[in-house]
Amino acid sequence: MNERVRNARKQWNKLKGKGVRAHLDYIFEYYKGWLFAAACVIFLVAYIINMAVTRKENVLNVFMLNASGAQYNTDAEAGKFMEENGFDEKKQQVIIDDIAYLTPGGIANSNDMAAVEKITVYAANGDIDVMIADAYNFYYYSDTNLFADLRDVLPQKELDQFKDTIYYVDRKDMEERQAYAETDDAVNAKPDYEAAAVYEKKDSFKRPDPSKMQDPVPLGIIVTDAPYIQKNELYPETVAILGFASQGKNKDNALRFLEYLYK
């Protein structure tokens, strides 16, 4: 019999007849390390089980960049969309994120860096199904493969329905911008905030003409005048463009959201 066991038996013999409190004090004093470890394990297991049981299915992720609706309640609006489309709020969830702001024209501060990082991570993880952005930033992201070709998402009937508001980008222009982004000139270039502001303002914006492009690709839908955008005053001064994320996981519900904007 080893020394540790003998000492334990001696201690237990000393406690005979001293009541429950003495026994509890002894257990806490000599086994508190083990008790703490056991408590941590129990807590962790309980947490994992609780997450597994209560975790809701994500049925739609909407990301709004540079939205400015002061009275816009994302949780309430997500709830309305779910109710109208018959989702079960106890088991499913819709996430509308309108927090990020990215300065049109180029990265100006640490907040912009944080916004870029957030979008990059979300897009890579498939946590964006629909993205609505001010016109400049939609153009900024059009050469990153973030947005899907609308011809791969929308039925021809809907493409025809939105033909006057489809936002096109020239594939050749996208490729040239991707190549330029790798050069020293691009790294050292100074952002042109003024030009960006002019590009996306409602009174100065000009929709790119696909007939003047070598290889036009429909990447977005201009939704500035959609009733939902107007009602919530989400883009009061700038043109807003909607795109479907190429890595999105909820294509059908993303299409439902587009329809929802126009109800």
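**Exercise 1.** In this predicted model, decide whether Lys 263 is buried or exposed, and then work out which residue forms a salt bridge with Lys 263.

*Solution.* Begin with the accessibility: Lys 263 has a relative accessibility of 58%, and because the exposed class starts over 50%, Lys 263 counts as exposed. Next, look for the partner, which is Glu 84, with the closest N and O atoms of the salt bridge 3.0 Å apart. This pair links distant parts of the chain, since Lys 263 belongs to the segment after helix 11 (251-261) while Glu 84 sits in helix 3, 179 residues apart. Finally, classify the partner: Glu 84, at a relative accessible area of 43%, is partly exposed.

**Exercise 2.** Find which residue Glu 77 forms a salt bridge with, and state where the two residues lie.

*Solution.* The partner of Glu 77 is Lys 80, and the closest N and O atoms are 3.4 Å apart. Both residues belong to helix 3 (residues 74-84), where they are three residues apart, or about one turn of the helix. To complete the description, take each accessibility in turn: Glu 77 counts as buried at 6%, whereas Lys 80 counts as partly exposed at 43%.

**Exercise 3.** Classify both members of the salt bridge between Arg 151 and Asp 149 by their relative accessible area.

*Solution.* First confirm the contact, in which the side chains of Arg 151 and Asp 149 meet at 2.7 Å, N to O. Then apply the cut-offs: Asp 149, at 14%, is buried because this value falls under 20%, while Arg 151, at 46%, is partly exposed. In the wider count, the structure holds nine salt bridges, and a network of salt bridges links Asp 143, Asp 173 and Arg 177.

**Exercise 4.** Determine how many cavities of 30 Å³ or more the whole structure contains, and describe the lining of the largest cavity.

*Solution.* The search finds one such cavity, and the volume of the largest cavity is about 30 Å³. Its lining is made up of Leu 102, Thr 103, Gly 105, Gly 106, Ile 107, Tyr 136, Asn 137 and Tyr 140, which divide into four nonpolar, four polar and no charged residues. As a last step, turn to the surface, where Ile 107 and Tyr 140, together with Met 113, make a nonpolar patch of about 260 Å². Met 113 itself lies in helix 4 (residues 110-124) and is partly exposed, with a relative accessible area of 48%.

Definitions and conventions: Residues numbered from 1 in each chain as written. Predicted model: local features only at pLDDT ≥ 70, side-chain atom pairs only at ≥ 80, totals over all residues. Heavy atoms only, no water. 1 Å grid on protein atoms, 1.4 Å probe; cavity = no way out; pocket = protein on both sides within 12 Å on 5 of 7 lines; lining within 4 Å. Points joined across faces, edges and corners; volume = space filled by probe spheres on them. Nonpolar A, V, L, I, M, F, W, Y, C, P; charged D, E, K, R; others polar. Patch = residues over 30% accessible without salt bridge, like charges linked within 9 Å, V, L, I, M, F, W, Y side chains within 5 Å. Areas by Shrake-Rupley, 256 points an atom, 1.4 Å probe, with all protein chains shown as cover. Salt bridge = Lys/Arg side-chain N within 4 Å of Asp/Glu carboxyl O. Helix = DSSP H or I, 4+ residues; strand = E, 2+ residues; numbered from the N terminus. Buried < 20%, exposed > 50% of the residue type's maximum accessible area, 1.4 Å probe, protein only.
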